[in-house]
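Me: I would like to go through some of the labels used for this structure and see what each one rests on. Please set the value against the cut-off each time.

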Amino acid sequence: MQTLTVELGDRAYPIHIGANLLEQADLMVPHLAQKRVAIVTNTTVAPLYLAKLTHTLEQQGVSVLPVILPDGEVYKTADTLNLIYDALLQNRCERKTTLIALGGGVIGDLTGYAAATYLRGVPFIQVPTTLLAQVDSSVGGKTGINHPLGKNMIGAFYQPQVVLADTATLDTLPARELSAGLAEVIKYGLIRDLPFFEWLEQNMDKLLARDKDALAYAIHRSCQNKAEIVAADEREDGVRALLNLGHTFGHAIESGMGYGNWLHGEAVAGGTVLAADLSRRQGWLDDAALARVRTLFKRAGLPDTAPDLGVASYMDAMGLDKKVEGGKIRFVLLKSIGEALVTADVEADKLAQTLQGFVSLLDARPGQ
C-alpha cells in the first residue's frame, strides 16, 4: 500500500492506494465519529463489493445502513439525491454518522454532496471503485449533481475524511470504463507532467492489459499531481482550474449527447482534443504535438475527435461553464505538452474552426 496526503491543514486527509483495502478496517474505523455508517452504492457495485465492505466494518462492531441507488450518469440528479436523504432520515442518522461512497464518480459526487448538506454537514469517506474515480473525482472535495442545463452546476466543496483506492476493484471494471478513466490520467501529463505523459506513451499497452504495477504507478502519480494542486488551491481560484482541461468542451458533449451516452472520460478525451486543436490554432502546439495527443487517446481506446453538436449548441452549453467570468468563456489550453494555462483570449473564428474541424457523426458513440 502507498499513502499520500492532501495537505489542507487541520482538514488534511490520506489517500491509501493498494490491493484489497476493502478488507482493512484499520484504514476506516479510526476516521469514524461513531460506530455507525451509511454505505451509498449502486445496483452494479453492490453485488460485487457491498457485502465485503459491510463484513469488514461489522467485524469491528460498526452498524451499517446500505443505500443502493440506480446506476448511471443519468441518475446524478436531485431526485436521486433525495433517495439518500430519505434513507438517512427514515433511519434517524445523526451528525456523527459517516457516509461511505462505494462506487465510481457519480456515487462519489452524490454521496459527498449529501454529506455536505445533510444536517448541514456529516463526515464521509471515499471508496472509489473505478479508475476515473480513483485518479480524479474521489480526491479534492468536489461534490454535486447535474442539472438538465449543465453538468455539475449544483454542488459544494466538501472534503472526505479518507480516500481508499482499492486497486483490486479494477479487476471487475469493464474495458470501456477503464479507458474512460485513462482520459483523466492522460490529463495530468498534459497539464503539468511531461515525463508522466512520456511514460504513458511507453506503457499504455500495459495499462490496458491491467498490469498491476503499471496501474498502481499511474494511480499514484495521478493522485500525487492532484493532491499537490488541491493543497495549493482548494476552491479553484487559480491553478486548480487547470484540472479542467477538456472539461469545458467535454461537459458540453455530455449534456449535448444526453447524459450517459458518452462516458465522462470519453467526453473529456473528445474535449481535450478540441482544446489541443484550439491551442494549435493559437500558435502554441504544432501539428506533431497535436498528433501525439490524439494518438495517445486513440491508443487508450478513447475518442480522438468530438461529436458534431453544431457551433451554436457548443457555445450555448459552454456559456454555462463554471469558469465563465464576466460573461467570457475561460478555456484551459496547452502552451505545450506538460504546460497548461487558463485564458479567455480566444478569437471567435479560431474557436469556430476548431468546433467545425474535429467532429464525428451526430450519432457516433464511443466503444461501438
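Me: What makes the contact of Lys226 and Asp136 a salt bridge?

Reply: In this predicted model, the side chains of Lys226 and Asp136 meet at 3.2 Å, N to O. The cut-off is a Lys or Arg nitrogen within 4 Å of a carboxyl oxygen of Asp or Glu, so the pair qualifies. Lys226 is in helix 7 (residues 212-232) and Asp136 in helix 4 (residues 131-137), so the bridge ties together parts 90 residues apart in sequence.

Me: How do you know whether Lys226 is buried or exposed?

Reply: Its relative accessibility is 5%. Buried means under 20%, so Lys226 counts as buried. The partner, Asp136, has 9% and therefore is buried by the same cut-off.

Me: Why is the pair Lys142 and Glu236 called a salt bridge, and which parts of the chain does the pair link?

Reply: The N to O distance is 2.4 Å, and the limit is 4 Å, so the pair is counted. The pair links distant parts of the chain, with Lys142 in strand 7 (residues 142-147) and Glu236 in the loop between helix 7 and helix 8 (247-257), 94 residues apart.

Me: Why is Lys142 called partly exposed?

Reply: The relative accessible area of Lys142 is 30%. Partly exposed covers the range between 20% and 50%, so the label fits Lys142. Glu236, at 18%, is under 20% and therefore buried.

Me: Where do Asp277 and Arg281 lie, and what makes them a salt bridge?

Reply: Both lie in helix 9 (residues 264-281), 4 residues apart, about one turn of the helix. Their side chains meet at 2.8 Å, N to O, which is within 4 Å, so the pair counts. Asp277 is buried at 0%, whereas Arg281 is partly exposed at 23%.

Me: Which residues are joined into one network by salt bridges that share partners?

Reply: They are Asp136, Glu184, Lys187 and Lys226. By the same rule, the count comes to 20 salt bridges.

Me: Why is helix 5 called oblique to helix 7?

Reply: Helix 5 (residues 175-192) packs against helix 7 at about 55 degrees, with the axes 10 Å apart. That angle is neither under 35 degrees nor in the range from 65 to 115, and it is not over 145, so helix 5 is oblique to helix 7. The crossing is left-handed.

Me: What classes of residue make the contact of helix 5 with helix 7?

Reply: The contact has 7 nonpolar, 2 polar and 3 charged residues. Among them are Leu178 and Tyr188 of helix 5, and Ser222 and Lys226 of helix 7.

How values were computed. Residues numbered from 1 in each chain as written. Predicted model: local features only at pLDDT ≥ 70, side-chain atom pairs only at ≥ 80, totals over all residues. Heavy atoms only, no water. Helix = DSSP H or I, 4+ residues; strand = E, 2+ residues; numbered from the N terminus. Buried < 20%, exposed > 50% of the residue type's maximum accessible area, 1.4 Å probe, protein only. Axes fitted to C-alpha atoms, helices over the stretch in contact; angles between N-to-C directions. Left-handed = near helix turned anticlockwise from the far one by under 90°. Contact = heavy atoms within 4.5 Å. Nonpolar A, V, L, I, M, F, W, Y, C, P; charged D, E, K, R; others polar.
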